[in-house]
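Good morning, and thank you for making time on the agenda. I would ask you to look at the sequence and the structure together as I speak.

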Amino acid sequence: MKLFVYHTPELTPTDSVPDCAIAIDVLRATSTIATALAAGAEAVQVFSDMDKLMYVSEQWPHEKRLRAGERGGAKVAGCDLGNSPLDCTPELVQGKRLFISTTNGTRSLQRVQNAASVLAGAFINRKAVVEYILAKQPETVWIVGSGWEGSFSLEDTACAGAIAHSLQSATGTPLDEFAGNDEVIAASALYLQWKDELLQLMHHASHGKRLLRLNCHEDLKYCVQTDILDVLPIQKELGVFVKNG
Ligand code: 3SL
């Protein structure tokens, strides 16, 4: 297996696709997607374009849909929800399809949508992601951070490192042997430096600071918890994610 880390969707190669792609947006899109599916949502359908989300969701039965929209950290007017995973309670999402568009996370999921398998990863479901890779043994794996509008983000790369580190520990293989690019080594080092203080790391991260200014302290605390959800969002058709298994 060869593992590649790309800090942003813009940095992914455009002339190839991997056997497995894991899109990460710790703050907060992939944390929200995993939480919604764990809470019983029928599926999560992702859109980079808000108008398209409105158009497609309009065709869905009203009582079976929820629209979530975020731009700049804030809820988009006309949507039922913003992008807080804490809003995805079983009472609200059970049996419904969540139609979601966010600034960066849904864009990175769409960027890798042609990979043979596409997963949504975060700290909260890191173990489920790692178990899938260990079971399926894909030859090439890309971990793609969402960043912020084309720039690097600490939290996504740290999560990529958490996945790489866990794969290394589970297989006993030296990182050098499965690292396909230098970013894997860097991500793993970042994670190891901060693994016991992930909340602190979020306070250093520019997007963490943005969310703190929007009073999203509880979201940060929730999103840094590691391995708390045994749920793996996997793409079943273009842009539509369901619980694996
Ligand atoms: O960038 C994104 O896709 C979002 O997850 C950003 S936010 O955390 O909802 O502000």
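I shall discuss a strand, a helix residue, the cysteines and a cavity, in that order. Please keep in mind throughout that this is a predicted model.

I begin with strand E1, which covers residues 2-6. Four of its five residues are buried, so the rest of the structure largely encloses this strand. Its pairing with strand E8, residues 140-145, is parallel and runs over five bridges. To locate one of these on your screen, find Tyr 6, whose bridge partner in E8 is Val 144.

Next, I turn to Ile 163, a residue of helix H6, which spans residues 154-171. Is Ile 163 buried or exposed? Its relative accessible area is 0%, and because buried means under 20%, Ile 163 counts as buried. Which residues does Ile 163 touch, once those up to four places away in sequence are set aside? They are Ile 22, Ile 24, Arg 126, Val 129, Val 130 and Ile 143. Ile 143 lies within the residue range of strand E8, the partner of E1. One further distance concerns Ser 188: it is 25 residues from Ile 163 along the chain, and the two C-alpha atoms are 8.3 Å apart.

I now come to the cysteines. A disulfide is a covalent bond between the sulfur atoms of two cysteines. How many disulfides does the structure hold? The number is zero. The cut-off for a disulfide is a pair of cysteine sulfur atoms within 2.5 Å. For Cys 88, the closest cysteine sulfur belongs to Cys 223 and is 11 Å away, so the separation is too great for a bond. For Cys 216, the closest cysteine sulfur is again that of Cys 223, here at 9.5 Å, which is also too far for a bond. Both side chains can be placed by accessibility as well: Cys 88 is buried at a relative accessible area of 5%, and Cys 216 is buried at 12%.

Finally, the cavity. Searching the whole structure gives one cavity of 30 Å³ or more. The largest cavity contains about 70 Å³ of space. It is lined by 13 residues, of which Leu 27, Arg 28, Glu 70, Trp 148 and His 207 are the closest to its centre. What is the character of the lining? It divides into three nonpolar, seven polar and three charged residues.

That concludes my presentation, and I would welcome your questions.

Methods: Residues are numbered from 1 along each chain as its sequence is written. This is a predicted model: local features need pLDDT of at least 70, side-chain atom pairs count only at pLDDT 80 or more; totals for chains, interfaces and linings use all residues. Side-chain values use heavy atoms; hydrogens and water are left out. Buried means under 20% relative accessible area, exposed over 50%, partly exposed in between (1.4 Å probe, protein chains only). Helices (H or I, at least four residues) and strands (E, at least two) are DSSP runs, numbered from the N terminus. Two strands pair if DSSP finds at least two bridges between them. Contact means heavy atoms within 4.5 Å. On a 1 Å grid over the protein atoms alone, a cavity is a set of points where a 1.4 Å probe fits but cannot get out, and a pocket is an open set with protein on both sides within 12 Å along at least five of seven lines; lining residues have an atom within 4 Å of a point. Grid points are joined across faces, edges and corners, and a volume is the space filled by probe spheres set on the points. Ala, Val, Leu, Ile, Met, Phe, Trp, Tyr, Cys and Pro count as nonpolar, Asp, Glu, Lys and Arg as charged, and the others, Gly among them, as polar.
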